[in-house]
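Let's take a walk through a protein together, going from hollow spaces to packed ones. Keep the 3D view open and turn it as you read.

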Amino acid sequence: LPEARHAVLAQIAPPAGGKPAAPAPTGDNASLAKAPPAEPMPGVDKRPTPTAPAATDVDDDESSGEKRRSDLAARLADRFPEVRFDATPLIEAIRLISQMSTLPITFDLDAMAETGVTLRDPVTLAVADGSVSDVLQSVLGACKLVFVIENEQLLVTSPQRGRAALRLERYDLADLAATPAAAGDLADWVRRLVVPEAWRDAGGPGTIAVAAGALEVTQTDAVHYQLKRFFEKLRKARQSGTAGAVGRPELATRFDQVRSRLRQSVTAHFPEPALLVRILADLEEVGGVILVADWIALAEAGVSADAKATLKVHGRPLSEAIVELLQPLGLTYRFAGSETLEITSRKAAAGRLEIEFYPIGPLMAKGESSETIINRVKGEVAAATWSDAGGPGQIYFDKPSACLVVLQSQPVQVKTQLLLGRLASEVTDR
């Protein structure tokens with residue numbers, strides 16, 4: 001939304017003592033091309049990892065940390081004479097504040113999803129003679145969000161995020177577990193699949209018990225949210241039965257949800273080093289996606305908000321263009337919705353585990369056993385990352401739905417889905 005960005009920017013005076021905003025990108029350096037897209041391979045990177053990020057000013061000594069905290073406090077205290085937003089998408093409002101204050105701002109996309117807030121929610125407000133902190137609080141308060149400081153970075157999140165308070169909730173799961181034994185098995189799945197580190201068996205605070213056909217769970221709000229999503233997906237999988245095709249829409253993976261956008265063909269020409277945020281803005285405009293950066297993860301990887309990069313692609317899938325842009329910086333991206341990609345570090349992506357359901361009924365109908373399929377996945381996809389090899393990944397077969405239930409990082413999930421797709425093609429060709 002470059003036009004909206006310029007329109008609102010004209011209504012914001014630079015903060016007293018702050019730096020003037022850089023011009024908003026216009027997308028002149030990238031355009032659509034009509035070449036047929038190739039199959040994307042996000043998260044699959046066969047080229048060697050660079051020995052160091054391309055740009056960093058990070059110094060972890062104590063004096064440097066104090067300087068960053070002092071600079072952050074000073075920027076938050078800078079004042080805007082007047083700020084007005086008129087039905088401006090939340091993401092554009094925050095980007096403008098970030099530009100004017102020179103502070104990178106990260107969205108906690110998971111927390112926003114829990115509260116039902118989207119990046120496109122409109123913001124309408126006016127603030128006169130307010131500090132950067134005041135303006136941020138006003139914008140986020142209108143969306144029932146807050147900002148916190150994490151690792152000397154600003155994070156937009158929900159007021160409930162990070163709260164350690166536990167509460168008891170009873171889940172009636174008679175439709176999922178008809179017998180006490182089945183309920184016990186489901187409780188075991190929950191402990192292993194839904195935020196495993198949050199349960200008492202793993203050193204966390206949460207507990208789960210079977211009681212009269214239900215599960216009584218004591219957990220934080222964030223874990224309860226994940227539990228409800230898991231049970232909802234399991235119900236949908238079982239209601240579909242075992243005869244559905246591999247591409248059942250109710251079981252669409254995160255990869256499925258964004259795959260068509262990743263195939264969008266783009267052209268970008270940045271032969272000389274340009275700001276990473278500028279290149280991302282152009283790719284966002286021509287690719288029809290929202291590209292946001294996890295600046296906290298990037299800072300931990302040694303990549304600052306001033307990082308520069310180059311990119312020269314012509315008629316290539318958006319997924320390939322983003323990988324080519326990010327790989328020299330040691331970065332990657334993750335799917336954060338049907339139109340949102342989050343730029344993050346490889347370490348952060350590998351450590352963020354998610355649950356996906358993969359129907360394998362058609363494979364089993366051709367004579368393949370669930371055990372054989374699971375062994376192939378474990379043997380051919382990131383073998384060291386599965387639990388029986390000492391890793392965090394879990395994989396189970398749910399007989400009522402004929403689905404594999406997989407807990408893994410997004411890069412491994414994508415490879416798992418692609419492998420299962422190849423296996424389905426092999427049995428179809430027999």
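Before we look for holes, we need to know what counts as one: a cavity is a set of grid points where a 1.4 Å probe fits but cannot get out. Keep in mind that what you're looking at is a predicted model. Searching the whole structure turns up two cavities of 30 Å³ or more.

Let's visit the second largest one, which holds about 40 Å³ of space. Which residues line the second largest cavity? Go and find Thr253, Arg254, Phe255, Phe335, Glu356, Tyr358, Gln410, Gln413, Val414 and Gln417. Three elements each give two or more residues to this lining: α8 (254-262), β15 (353-359) and α15 (410-429). The largest share comes from α15, with four residues. Sorted by class, the lining is a mix of four nonpolar, four polar and two charged residues.

Now zoom in on one of those lining residues, glutamate 356. You'll find glutamate 356 in strand β15. Is glutamate 356 buried or exposed? Its relative accessible area is 4%, so glutamate 356 is buried, given that the cut-off for buried is under 20%. What does the side chain of glutamate 356 make a polar contact with? Its partner is the side chain of arginine 254, at 2.8 Å. If you set aside neighbours within four places in sequence, glutamate 356 is also in contact with a whole list of residues, including Lys233, Ala252, Leu404, Val405 and Val406. Two more on that list, Thr253 and Gln413, are residues you met in the cavity lining.

Next, hop over to strand β14 (residues 340-345), where serine 345 sits. With a relative accessible area of 6%, serine 345 is buried too. The side chain of serine 345 reaches the backbone nitrogen of alanine 348 at 3.0 Å. Here's a nice lesson in folding: serine 345 and alanine 297 are 48 residues apart in sequence, yet their C-alpha atoms are 5.8 Å apart in space. Beyond the residues up to four places away in sequence, serine 345 touches Ala297, Leu298, Ala301, Leu331 and Thr332.

From there, let's head for the greasy stuff. The largest nonpolar core has 36 residues, and the ones touching the most other members are Leu283, Ile322, Leu325 and Tyr333. Helix α11 (residues 318-326) gives the most to this core, with six residues. There is another core apart from it, made of 34 residues, among them Leu72, Ile94, Val132 and Ile290.

Stay with α11 for a moment. How many of the nine residues of α11 are buried? Seven of them are, so to speak, under cover: Leu318, Ser319, Ala321, Ile322, Val323, Leu325 and Leu326. Click on leucine 325 and look around: leaving out residues up to four places away in sequence, leucine 325 touches Leu276, Ile279, Leu280, Leu283, Ala309, Thr310 and Leu311.

Finally, zoom all the way out. The chain has 15 helices and 17 strands. Of its 430 residues, 48% count as buried. And among contacts between residues at least 6 apart in sequence, 74% join residues at least 24 apart. The pair of serine 345 and alanine 297, 48 residues apart in sequence, is one you've already seen.

Note on methods. Residues numbered from 1 in each chain as written. Predicted model: local features only at pLDDT ≥ 70, side-chain atom pairs only at ≥ 80, totals over all residues. Heavy atoms only, no water. 1 Å grid on protein atoms, 1.4 Å probe; cavity = no way out; pocket = protein on both sides within 12 Å on 5 of 7 lines; lining within 4 Å. Points joined across faces, edges and corners; volume = space filled by probe spheres on them. Nonpolar A, V, L, I, M, F, W, Y, C, P; charged D, E, K, R; others polar. Buried < 20%, exposed > 50% of the residue type's maximum accessible area, 1.4 Å probe, protein only. Contact = heavy atoms within 4.5 Å. Polar contact = N/O pair within 3.5 Å; in protein donor to acceptor, adjacent residues only side chain to side chain. Core = buried A, V, L, I, M, F, W, Y, C linked by side-chain atoms within 4.5 Å.
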